[in-house]
Amino acid sequence: MSFAEVWRAARPPAAGLHLDSAACSRQSHAAMDAAARHARHEAELGGYVAAEAAAPALDAGRAAVAALTGMSAAGVEFSTGSRHALDLLLSRWPAAGRTLACLPGEYGPNLAIMAAHGFTRRMLPVDGTGRLVLDEAAATLAADPPDLVHLTPVSSHRGLVQPLAGMARICTDAGVPLVVDAAQALGQIDCAVGGPADYAVYSSSRKWLAGPRGVGVLAIRPELAARLGPGPPGGDVNVAAQLGFSVAVAEHLAAGPATVRARLAEVGALSRRVLAEVPGWQVVEPVEEPSAITTLAPVTGADPAAVRSELLAQHRIVTTAAGVERAPLELTSPVLRISPHVDTTEADLAAFAQALVAVTAAR
């Protein structure tokens, strides 16, 4: 079997056409079995005894995340998701240093968390497509460095890939801490890019790594951790979900991160070619953008939210309608997003295009 066929065979059959991995991908049998086994162990042994028994597997999961992010396993901790991870990190940031630089396309909920923790926001320079302009960013950081840079290398509202490695070098040279929201990046692009001593990466489980919902990860370099305040006291944790996530990351490493990234980029380019001529919609990303996310902007008044609902109800096709709240400083109108994983075929994309034409015409 091909790589894509192996990936699909490792999962239950989809009840329709799943084109929504940027929201929540499809877990493997192995990831689900790991979580289910732990739930049974909790019932048999008690939750705390079962958690102690799971410790080696969780340590392996942290090590796998460290390998993907270029961090140390000792600096990796689980969270309940990306937003929780960012909230944990910013709540510990020194009160005297809360000036932050980010992209105009920053994720709306991230902006809310930044504001809630009293951060003053500056915009990083971008070109007409919204891509970071590295030389201008370098000059800006050198002239007036913020207390940290927050970079989302792949955003939620479109599949544009930002130059993470270049920004990591700039922050290193400028001595500015770098915090990376890798929720859409981890598994899609190379996130092991070095970075400054004061460096943190956070992500969720459920997107391109195809783990369960309700779990995420935060990785912090020791130099940055030493500057932060104490974390909140530990609470109840979903060990079953953490184990499922650990298995999903291990599967990703076993498949070969570079192989997965290449296939996702291939699927993204194929999606854009298939969808380029669909009437009433415009593909936002360049064809060869190395991302599996394809964004469709309506050009004849179609409502992405209504179209998304009809695609699901009539054709059993799962997509996302992204409202302006996802990127309130950049997105001016709602868009329709597809995010197929490595097992998506040209026939799948042709079926989606046909359904999209039908649903759009009916409205």
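1. Between domain 1 and domain 2 of this predicted model, 22 residue pairs are in polar contact, with both residues of each pair at pLDDT 80 or more. Three elements each give two or more residues to the side of domain 1 that touches domain 2: helix H1 (3-9), helix H10 (257-275) and strand S13 (335-338). H10 provides the largest share of that side, five residues. By residue class, the side of domain 1 that touches domain 2 holds 21 nonpolar, nine polar and nine charged residues.

2. The division behind these counts is as follows. Domain 1 consists of 3-28 + 257-362, while domain 2 covers 29-255. Domain 1 is thus written as two segments of the protein chain, and domain 2 as one. Taken over C-alpha atoms, the centres of the two domains are 25 Å apart.

3. On contacts and area: 39 residues of domain 1 are in contact with 40 residues of domain 2. About 3,100 Å² is buried between the two domains, and carbon and sulfur atoms give 55% of that area. Gln27, Ser28 and Glu330 supply 20% of the area that domain 1 buries against domain 2, which is more than any other three residues.

4. Two salt bridges are counted between domain 1 and domain 2. Glutamate 330, named above for its part in the buried area, also meets arginine 158 in a salt bridge between their side chains, at 2.9 Å from N to O.

5. Over the whole structure, the search gives 11 salt bridges. One of these pairs glutamate 289 with arginine 131, whose closest N and O atoms are 2.8 Å apart. Glutamate 289 sits in the loop between strand S9 (281-283) and strand S10 (294-298), and arginine 131 in the loop between strand S4 (120-123) and helix H6 (134-143), so this salt bridge ties together parts 158 residues apart in sequence.

6. On annotation, UniProt lists residues 19-244 in an unreviewed entry as "domain: Aminotransferase class V". In the model, that span is 40% helix and 14% strand, and its end C-alpha atoms lie 22 Å apart. The bounds in the record, 19-244, should be read separately from the domain division used here, in which domain 2 is 29-255.

How values were computed: Residues numbered from 1 in each chain as written. Predicted model: local features only at pLDDT ≥ 70, side-chain atom pairs only at ≥ 80, totals over all residues. Heavy atoms only, no water. UniProt positions renumbered as here; feature names shortened; annotations may be inferred. Helix = DSSP H or I, 4+ residues; strand = E, 2+ residues; numbered from the N terminus. Domains from an automatic or database assignment. Contact = heavy atoms within 4.5 Å. Buried area = accessible area lost by both parts, 1.4 Å probe. Salt bridge = Lys/Arg side-chain N within 4 Å of Asp/Glu carboxyl O. Polar contact = N/O pair within 3.5 Å; in protein donor to acceptor, adjacent residues only side chain to side chain. Nonpolar A, V, L, I, M, F, W, Y, C, P; charged D, E, K, R; others polar.
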